[in-house]
There are 2 protein chains.
Amino acid sequence: MSWVSIKDLKKHIGEEVLIKGWVYNTRASSKNIKFLILRDGSGLLQCVLFKGETPEEFINRFDELTQETSVEVTGLIKEDARAVGGVEMAVRSVKIIGISTDYPITPKEHGTPFLMENRHLWLRSKKQHAIMRVRARATKAMRDYLDDRGFICMESPILSANSCEGTTTLFSCDYFGEQAYLSQSGQLYAEASALAHGKVYTFGPTFRAEKSKTRRHLTEFWMLEPEMAFYDLDMNMDLIEDFIEHVVRVVVVDCKNELETLERDVSKLECVCKPFPRISYKEASDVLLKETDDFEEGGDFGGGHETILSEKYGKPVFVYDFPKEIKAFYFKRSADPKYVRGCDLLAPEGFGEIVGGGQREDNYDELLKRLHEYELNEADYKWYLDLRKYGSIPHSGFGIGIERTVGWICGVPHLRETIPFPRMLNNLRP
Amino acid sequence: MSWVSIKDLKKHIGEEVLIKGWVYNTRASSKNIKFLILRDGSGLLQCVLFKGETPEEFINRFDELTQETSVEVTGLIKEDARAVGGVEMAVRSVKIIGISTDYPITPKEHGTPFLMENRHLWLRSKKQHAIMRVRARATKAMRDYLDDRGFICMESPILSANSCEGTTTLFSCDYFGEQAYLSQSGQLYAEASALAHGKVYTFGPTFRAEKSKTRRHLTEFWMLEPEMAFYDLDMNMDLIEDFIEHVVRVVVVDCKNELETLERDVSKLECVCKPFPRISYKEASDVLLKETDDFEEGGDFGGGHETILSEKYGKPVFVYDFPKEIKAFYFKRSADPKYVRGCDLLAPEGFGEIVGGGQREDNYDELLKRLHEYELNEADYKWYLDLRKYGSIPHSGFGIGIERTVGWICGVPHLRETIPFPRMLNNLRP
């Protein structure tokens, strides 16, 4: 008898198959009919034990099928429109593989600290399972989008002697007697790679030693960072909006069931169509000064400000041309030298910044001046300056935060649920 | 006029196009005909400046086109079977974007330390460019293989309180006053994820603080680690050989030009067809004891031993069932309890181990005993033990080293050329 994944059962109607999985739930409707909901990682299946059809020995041992006990179940697959997945199984045999006694996560409500301590088990729950599926589908869509358009994946290093965004929130580590930092962004290296391959992206973990305990911060998070030779800021924004539209569209189609499980209002995602509005920092400031008391022109946006701006449009909105004081050293100056050519993309519904991008300073002398202004060690950036010395070009790129994007698509406000094993101020385990 | 990538020029024969790129090489055949080889990251293009066809101003400034100067060139694309890529350009205009004076890497031979210091520029060279393309294609083929077969990508954390393979070669880092380690493997977490999703993989950087300076070691390297619920060791080896065969086949077809640039003997890759031979550690020992004096039964294989074994077959070979003393704590016991159910895959041609895998111990008591034998802290592994407490199942997985696999496919023996920015004992820059 062949071992089949639950997700593929529709192709096996009328066949006897073997399912390997775990007890998700049970229900004894009467002495003669008992229900077993099985999960195998690919989906859920309702299995029915009928007296007369299922051998008595299995019906008698039904009580041993406690939550998360692992089992091998055989039976006949029948079409049933009312059941999850459209099929159910008439059980012929049940074999217990590993028992599970007093499984800690029950259908009742648990506090978040408890769930976080049991993240290795919490991942089995329906909602967490759905979020991880969306995450995997979204990142695949991102990579495929770029691969199909001639981008080359060039992993940036994690350990480095450079810092990218300033040194205050860096994790450091002893590297054979020398100090190394954990990467905050692969961008600087992606720039070198773009000058070798034209269009590249890095995809990997990035680190910020932030002491903030908000729902929007992880100390370890994943970023995808495309970088394109000969792209200016406008071309960059064109690419970002096409990319985001594509990714959201793929997920809405391919993860219909998962978004349903998450009770996500999909209509909010369906209106994510380009073009996205593009407003300058100056215009954004004018809006905020009118609508709130806690914003000062020249300052960075807080979460509340991002919400005000994004709620105006019902779709992602770009803010571009930021005051140079609030951006990193590598941004290209705008026509007005008070500003630099950065662009942030704010997600709707208060999910905040999901993409940060910009055009890079490509003039050697200007970049050197900026390095000094930011009190960075010139020697550490010699290689980065070289990129402006040997065939410099206009180039741009962006970084998209995987967890923030998944949180937005899933409608899950706290980032801890958007990554398999979150790392935060007080969370280094499991 | 449209901006076109060099790789797409075959679709633009007879058209005037714009190319943006860098001067790869120049040659003045006479006063009247000059050649410019352009690279744009996607390929190389021969551009011809003819007196009479190309405006004189550009011909007169030909000497300014030094190596790696960035340019925008327009001209007519013509079919030419003799030229690289099958086309050449009759130049109409050349605009210099960024000059490049005294580019450090010239066509002459350079020492490796010099090239490593200039890795950010070395990446532009033809051979390095080809290796990175193979790397990107191979990892994409790996991911697609798994995605197409229902595996879910579940990133494992990098920072962790656990060690996976023992603590001697760990990088550690201060995590808000607590000690954290950089991951040596995502496997333990992948096991938790497999029990939630059935079939998963992790893909990410892993770290070993190894002081060895061999061509086979990096301190930071990338691993893909699939993990499958309800798989035993034989199913694991079946999957590995199908996976490797697939990846090699895709690269041989899609990276024909790159492998040609690398002068790789492709016939050696074309015979990588399953089934791969499978020999037990005991059988491998018997071979080695006969053929070399420096092997002792019960010990781990060195590079030389792996070469002896793999050269016998001309294709990858599995060694399985290792003495438990030389393997990590989590392997499942074999029928003979002196051995554990690990499997290594050795690449042919002396490229050594590229895959390490095995079936995991799924019995709670046995695993606990092993943890104590290995003097690991039980409390740190409580969550890992839980996986054997709540619905334990037989499960297996493997890890494939990206750099070693790319080195083998490319025929490049030193791993430093198989990753964009290598990290080794003395290499933390650029």
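**Hairpins and an open sheet in chain B**

Strands β2(B) and β3(B) form a hairpin with four residues between them, and within that turn B:Gly41 has a positive phi of about 95°. The model in which this is seen is a predicted one. The two strands, of which β3(B) covers residues 44-50, pair in the antiparallel sense over seven bridges, and B:Lys34 has B:Leu49 as its bridge partner in β3(B).

Strand β2(B) also takes part in a hairpin with β1(B), again with four residues between the strands. Here β1(B), residues 16-28, runs antiparallel to β2(B) and is joined to it by six bridges; B:Arg27, for instance, has B:Phe35 as its bridge partner in β2(B). Strand β2(B), spanning residues 33-39, is mostly covered, with six of its seven residues buried.

Elsewhere in chain B, eight strands form an open sheet of mixed pairing, in the order β6-β10-β11-β16-β15-β14-β13-β12. Because β6 (152-153) and β12 (278-280) of chain B stand at the edges with a single partner strand each, one side of each is left without a neighbour in the sheet. Within the sheet, β10 (residues 199-207) and β11 (residues 220-229) of chain B pair in the antiparallel sense over nine bridges, and the partner of B:Phe207 in β11(B) is B:Glu220.

Helix α4 of chain B, residues 126-147, packs on this sheet and touches β6, β10, β11 and β16 (395-401) of chain B, its direction making about 150° with that of β10(B). Helix α10 of chain B, residues 303-311, likewise packs on the sheet, touching β12, β13 (317-323), β14 (339-347) and β15 (352-359) of chain B, and its direction makes about 75° with that of β14(B).

How values were computed. Residues numbered from 1 in each chain as written. Chains lettered and ligands numbered in written order. Predicted model: local features only at pLDDT ≥ 70, side-chain atom pairs only at ≥ 80, totals over all residues. Heavy atoms only, no water. Buried < 20%, exposed > 50% of the residue type's maximum accessible area, 1.4 Å probe, protein only. Pairing = 2+ DSSP bridges. Contact = heavy atoms within 4.5 Å. Axes fitted to C-alpha atoms, helices over the stretch in contact; angles between N-to-C directions.
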